[in-house]
Amino acid sequence: MKKFFLVKNEIMGAALTVSAILVLAIIFPCIITMIWSGQIQMADVKMHYSGYIIEFPDGKEMDMEEFIPCAIMAQLDYNTHDEAIKAQIVIDRTKIFRKMGEGNRLPVAEAKLPYVTYEQLQEMYGDDFEKMYNRLIKLQNETNQNIVTYNGEPVSAFYHSVSAGVTRNGDKEYIKSADSPDDVTADNYLSIMYYTPDEFEALLKNINADIVINKENPMEGITVTPEDTTGYVAEVSVGNIKISGDNFYKSMDLSSPCFTIEKFNEAIRIVVKGIGHGKGLSIYGAQKMAESGKLYKEILTHYYSGVQIEKCNNIQTSSNL
C-alpha cells in the first residue's frame, strides 16, 4: 500500500510539473506583452510616471518614462557610469518633451531616438534583466524628470559619440564649443582614409556630377575652409564648386566633419578626428567626466552653455519649436 501511494504521489507531482510548464508557456508571452505596454511593474524599483505618452505603430502606448530605458539601452553600454547615463536620460527626455510641443502624445518615429523593446532587452540580458532594469529606473528617478532648458524652453539636445577634443559651435546660443580633451583617447578617435585620384573623383561626382579633378595634381583647386579654430570644416571647394563640410563628410562616409585633405605620395589622404557631428554633448567625454567625479548636471551644463536643468512638468513648451 505504501508503494502505491509513493507511485501515486510521483505521478501527481509529474502531472503538476507538466501543468505548471504548460501554464507558463501560455502566460509568459502575455506577461511580456503587459510589460511592454506598461500594465505591470517589472521589478522592485517604482517608476515615476510622467503622463506624457509615446505612441507605437502597432497601437501600443507607453509613458515617456517607460520608453526612456528602451532608448538608453540602444545608445549606451550597460557599463557606462551612472552620472553619464543620467545625463543621457535627461537628453532623451528633453528631445521627447521638445517634440511634443504643447501636447502630451508623440508617435515614436517623431522622437527620432533609437530604441529596443523590452522583449529584446529580456533576450539580451536574460537572468540579469531585472538587475539592469532596476538600475536604469533608479537612475531615471534620480533625474527627477528633469530636462535641459534655455530661456524657459527645452533645448535642441544635440549629442554625438566622440568629439575632436573640442565640441563644435552650432546655430543655437547654447550650442557653444566646449573642451572635451579626453575624447582623444577614445577608440577610433582618429581615422585615416586613402584614395587614388580616380577613386576620389568618383566619390566627389556622387556629390556633384560636374566635378573634375586634375589626376596629375589632384589637390589643385581643392581648398578646405574651417568653421573656426576648432578644426571642424565649414566648406570644401573643388574648383568653383562648393560643398558644405557636413555634406562632404556624410557623402564621403567620413566619421566626422573635422578633417583635413592632403596629397600623400600618389594618393589623397583624409585625416578625420572624432565620431559624429561634434555638436552638443560628447558621449565619450561625458563618461570621462563622470569617471572624474562630475555629476550629471555638471556634465550637461559643460556641454550646453547657459542652460538650466529643471523638471519638465514646470515647463510650458512653445508650439513654435
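Let's start at one pair of residues: leucine 190 stands opposite lysine 273 in S12. What you are looking at is a predicted model, and this pair is a handy way into one of its sheets. Leucine 190 belongs to strand S7, which covers residues 190-195, while S12 spans residues 267-273. One step along, serine 191 faces valine 272 of S12. In total, six bridges tie S7 and S12 together, and the pairing is antiparallel. If you're wondering what holds such neighbours together in general, strands of a sheet pair through backbone hydrogen bonds, either parallel or antiparallel.

Now look across to the other side of S12. There you'll find S11, joined to S12 by six bridges and also running antiparallel. One of the pairs here is glutamate 262, whose bridge partner in S12 is arginine 269. How do S11 and S12 connect? They form a hairpin with two residues between them. Asparagine 265 sits in that turn and has a positive phi of about 55°.

Put these strands together and you get an open sheet of three, in the order S7-S12-S11, with antiparallel pairing. The edges belong to S7 (190-195) and S11 (259-264), each of which pairs on one side only. From one strand to the next, the twist averages 20°. A helix joins the picture too: H7, residues 197-207, packs on this sheet and touches S7, S11 and S12. Its direction makes about 105° with that of S7. So how much of S12 is covered? Mostly covered is the verdict, with six of its seven residues buried.

Next, head back towards the start of the chain, where there is another open sheet. It also has three strands, this time in the order S2-S1-S3, and its pairing is mixed. Why do S2 and S3 each have a side without a neighbour in the sheet? Strand S2 (61-63) and strand S3 (105-107) stand at the edges with a single partner strand each, so one side of each is left open in that sense. The twist here averages 25° from one strand to the next.

Zoom in on S1, residues 53-55, and you'll see three bridges linking S1 to S2, the two running antiparallel. Among the residues involved, isoleucine 54 stands opposite methionine 62 in S2. This sheet has its own helix as well: H3, residues 82-100, packs on it, touching S1 and S3. The direction of H3 makes about 105° with that of S3.

Have a look at helix H2 as well, which takes in residues 64-75. Aspartate 63 caps its N-terminal end, with a side-chain oxygen 2.9 Å from the backbone nitrogen of glutamate 65. The helix has 12 residues and reaches 16 Å from its first C-alpha to its last, close to the 16 Å expected at 1.5 Å a residue. H2 is mostly covered: 11 of its 12 residues are buried. The buried ones include Phe67, Ile68, Cys70 and Met73, and also Glu65 and Glu66.

Finally, a word on confidence. The mean pLDDT of the protein is 87, and 84% of its residues reach 70 or more. Residues 1-9 are another story: pLDDT stays under 50 there, and the model has zero contacts for them beyond four places in sequence. Over residues 14-42 the pLDDT is below 50 too, though that stretch has 29 contacts beyond near neighbours in sequence.

How values were computed. Residues numbered from 1 in each chain as written. Predicted model: local features only at pLDDT ≥ 70, side-chain atom pairs only at ≥ 80, totals over all residues. Heavy atoms only, no water. Pairing = 2+ DSSP bridges. Helix = DSSP H or I, 4+ residues; strand = E, 2+ residues; numbered from the N terminus. Axes fitted to C-alpha atoms, helices over the stretch in contact; angles between N-to-C directions. Contact = heavy atoms within 4.5 Å. Expected span 1.5 Å × (residues − 1). Buried < 20%, exposed > 50% of the residue type's maximum accessible area, 1.4 Å probe, protein only. Polar contact = N/O pair within 3.5 Å; in protein donor to acceptor, adjacent residues only side chain to side chain. pLDDT = per-residue confidence, 0-100.
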